[in-house]
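Welcome to this short tour. Open your viewer, switch on a cartoon view with side chains, and follow the stops below.

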Amino acid sequence: MPSIGPMELVVVLIIALIVLGPKKLPDAGRALGDGIRQFKGSITGEQAASPAALPEPEPEPATTTVAAEEPVILTRAPSVR
């Protein structure tokens with residue numbers, strides 16, 4: 001069975017860029033990846049968690065303090081003649 005070489009991948013990516021355009025190409029790649037992930041999960045019988053379903057980590061409390069800065073008064077720069 002022949003394998004896909006780097007030139008074939010470049011040709012496929014160029015055709016995809018021409019057909020979909022640069023604005024829709026990332027969305028198409030993301031949808032393709034999600035579809036492949038769901039397909040593999042259905043074959044193996046596993047339930048893959050999507051990134052949106054994962055719980056967000058709790059933010060750590062801030063341990064550093066920021067000192068207040070003195071206000072800076074801007075004056076007009078001297079004119080150059």
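Start by selecting Asp-34, which is partly exposed because its relative accessible area is 35%; buried would mean under 20%, exposed over 50%, and partly exposed is in between, with a 1.4 Å probe and protein chains only. Before moving on, note that this is a predicted model, where local features need pLDDT of at least 70, side-chain atom pairs count only at pLDDT 80 or more, and totals for chains, interfaces and linings use all residues. Residues are numbered from 1 along each chain as its sequence is written, and side-chain values use heavy atoms, leaving out hydrogens and water.

**Salt bridges**

Keep Asp-34 selected and add Arg-37: their side chains meet in a salt bridge at 2.8 Å, N to O. The term stands for a side-chain nitrogen of Lys or Arg within 4 Å of a carboxyl oxygen of Asp or Glu. Arg-37 is partly exposed, because its relative accessibility is 40%. Asp-34 and Arg-37 are about one helical turn apart because they sit three residues from each other in helix H1. An α-helix has 3.6 residues a turn, so residues three or four places apart point the same way.

Which residue does Arg-30 meet in a salt bridge? Select Asp-27, whose side chain pairs with that of Arg-30 at 2.9 Å, N to O. Asp-27 and Arg-30 are also three residues apart in helix H1, and so separated by about one helical turn. Asp-27 is partly exposed, with a relative accessible area of 46%. By this rule the count is two salt bridges.

**The helix and its kink**

Now zoom out to the whole protein, which has one helix and zero strands; helices (H or I, at least four residues) and strands (E, at least two) are DSSP runs, numbered from the N terminus. Place a distance marker between the end C-alpha atoms of H1: they are only 29 Å apart, although a straight helix of its 39 residues would reach 57 Å at 1.5 Å a residue. That expected span is 1.5 Å times one less than the number of residues.

Where does H1 kink? Select Gly-21, shortly before the proline Pro-22, where the kink is about 105°. The bend is the angle between axes fitted to the seven residues ending at a residue and the seven starting there. Just after H1, pick Gly-45, which takes a positive phi of about 85°.

**Around Leu-20**

Go back to Leu-20, also found in helix H1. Leu-20 touches Leu-25 and Ala-28, not counting residues up to four places away in sequence; contact means heavy atoms within 4.5 Å. With a relative accessible area of 36%, Leu-20 is partly exposed.

**Last view**

Finally, show the whole protein again: of its 81 residues, 4% count as buried.
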